[in-house]
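Student: I've got a structure open and I'm a bit lost. Can we go through it together?
Tutor: Sure, let's put it up first.

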Amino acid sequence: MQYLERMRDRNGYQVALFPLPGFSISQTDYGTFSHHGGEEYWATDYLAIGSNGQRLYRQPCYAPVDIKCVFINQAEAMAVWESVERVHLANGMIDYLTITCYHDNDIEDGIYPYRVGQVIRQGYIFFKTGTGGTATGDHLHMETGYGRYLTQQSSARYTPEYKFHITDYTTPKRLHNYDALFINDTSPIDSPEHYIWVEFTDPILHEYTSKKFPWVLYSRKLREKRNS
Ligand SMILES: [Zn+2]
């Protein structure tokens, strides 16, 4: 998605959009480096990529829908946000979206400009890529799930109250990022085969019409190539 982009479906539900304008993936949801092969949670690490293919650092991430901050952890440089209303997810579900993000240095440094309870409207900045917490380079670690965030009680793994990751045993339940977030106006510069991104098309009701970047066409071409 692009900065200030807003989208609803024909029933008035907000359409969940991918929070970066362009990316390449440095570790997948089945990654074994720090994502534990996807056994417990599905996380993806994204490098922000600009319209000329250049690497972007400390790139702002845009709220995929209207979201409320529900948890912040300074040491891990992580924040959890849940949608204010039920929204239209990429797999067709209408449900609450919860999104867990890691590595914004501002959180670690104690200068994150948001607090628990704060609402950010779709298309506005809620997070930045970075190296906060445990990270080897500037990126966004993102997990998505359906359902509200009811798990902020505990650091104990394998309990329904576990707060640091979105799993099958927590609420929300985990969803692959591509099953949660539509890819409209985002360029997946480098994305593995099993990431089946979809665009919302039914019909597009923009509250704000973003500039059409030529690399949106590029991403379409990329997908056509992949599907052929
Ligand atoms: Zn990660």
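Tutor: We'll take the metal site, the strands, the pocket and a few odd spots; bear in mind that this is a predicted model.

Student: Metal first. Which residues are the protein donors of the zinc ion?
Tutor: There are His35 through NE2, Asp45 through OD and His141 through ND1. They lie 2.0 to 2.2 Å from the zinc ion.

Student: What spacing do the donors follow along the chain?
Tutor: The spacing is H-x9-D-x95-H. Asp45 lies in strand β3 and His141 in strand β13, residues 140-146, so this pair ties together parts that are 96 residues apart in sequence.

Student: Are Asp45 and His141 buried or exposed?
Tutor: Both are buried. His141 has a relative accessible area of 6%. The cut-off for buried is under 20%, so His141 counts as buried.

Student: How far is the C-alpha atom of His141 from that of Cys101?
Tutor: They are separated by 5.5 Å, although the two residues are 40 apart along the chain.

Student: Cys101 sits in β10, right? Let's do that strand. How many of its residues are buried?
Tutor: 6 of its 6 residues, which run from 97 to 102. Both faces are covered. Leu97, Ile99 and Cys101 are on one side, and Thr98, Thr100 and Tyr102 are on the other.

Student: Which strands does β10 pair with?
Tutor: One partner is β7, residues 78-83, antiparallel over 5 bridges. Another is β13, also antiparallel, over 6 bridges.

Student: Which residue in β10 is the bridge partner of Ala79?
Tutor: Cys101. On the β13 side, Leu97 stands opposite Tyr146.

Student: New topic. What's the volume of the largest pocket?
Tutor: About 390 Å³. Its lining has 21 residues. Ser34, His103, Thr134, Ala135 and His141 lie nearest the centre.

Student: Which elements give two or more residues to that lining?
Tutor: β2, residues 22-27, and β3, residues 43-49.

Student: How do the lining residues divide into nonpolar, polar and charged?
Tutor: 6 are nonpolar, 11 are polar and 4 are charged.

Student: Next up, Asn177. Where does Asn177 lie?
Tutor: In helix α2, residues 177-180. Asn177 is buried, with a relative accessible area of 2%.

Student: What does its side chain make polar contacts with?
Tutor: The side chain of Tyr46 is one partner, at 2.7 Å. The side chain of Thr144 is another, at 2.9 Å.

Student: Now the odd spots. What's unusual to look for in a backbone?
Tutor: Most residues other than glycine have a negative phi, and most peptide bonds are trans. Let's look for exceptions.

Student: OK. Which peptide bond is cis?
Tutor: The one from Thr171 to Pro172, with omega near 10 degrees. Pro172 is in the loop between β13 and β14.

Student: And what's the phi of His36?
Tutor: About 55 degrees, so a positive phi in a residue that is not a glycine. His36 is in the loop between β2 and β3. Its relative accessibility is 45%, which makes it partly exposed.

Student: What about Tyr158? Where is it?
Tutor: In the loop between β13 and β14. Its phi is positive too, near 60 degrees.

Student: Is Tyr158 buried or exposed?
Tutor: Exposed, at 60% relative accessibility. The cut-off for exposed is over 50%.

Terms used:
Residues are numbered from 1 along each chain as its sequence is written. This is a predicted model: local features need pLDDT of at least 70, side-chain atom pairs count only at pLDDT 80 or more; totals for chains, interfaces and linings use all residues. Side-chain values use heavy atoms; hydrogens and water are left out. On a 1 Å grid over the protein atoms alone, a cavity is a set of points where a 1.4 Å probe fits but cannot get out, and a pocket is an open set with protein on both sides within 12 Å along at least five of seven lines; lining residues have an atom within 4 Å of a point. Grid points are joined across faces, edges and corners, and a volume is the space filled by probe spheres set on the points. Helices (H or I, at least four residues) and strands (E, at least two) are DSSP runs, numbered from the N terminus. Ala, Val, Leu, Ile, Met, Phe, Trp, Tyr, Cys and Pro count as nonpolar, Asp, Glu, Lys and Arg as charged, and the others, Gly among them, as polar. Donors are N, O and S atoms within 2.8 Å of the metal (3.2 Å for Na, K and Ca); water is not among the atoms, so sites may look incomplete. Buried means under 20% relative accessible area, exposed over 50%, partly exposed in between (1.4 Å probe, protein chains only). Two strands pair if DSSP finds at least two bridges between them. A polar contact is a pair of N or O atoms within 3.5 Å; within protein, one must be able to donate a hydrogen and the other to accept it, and residues adjacent in sequence count only if both atoms are side-chain atoms.
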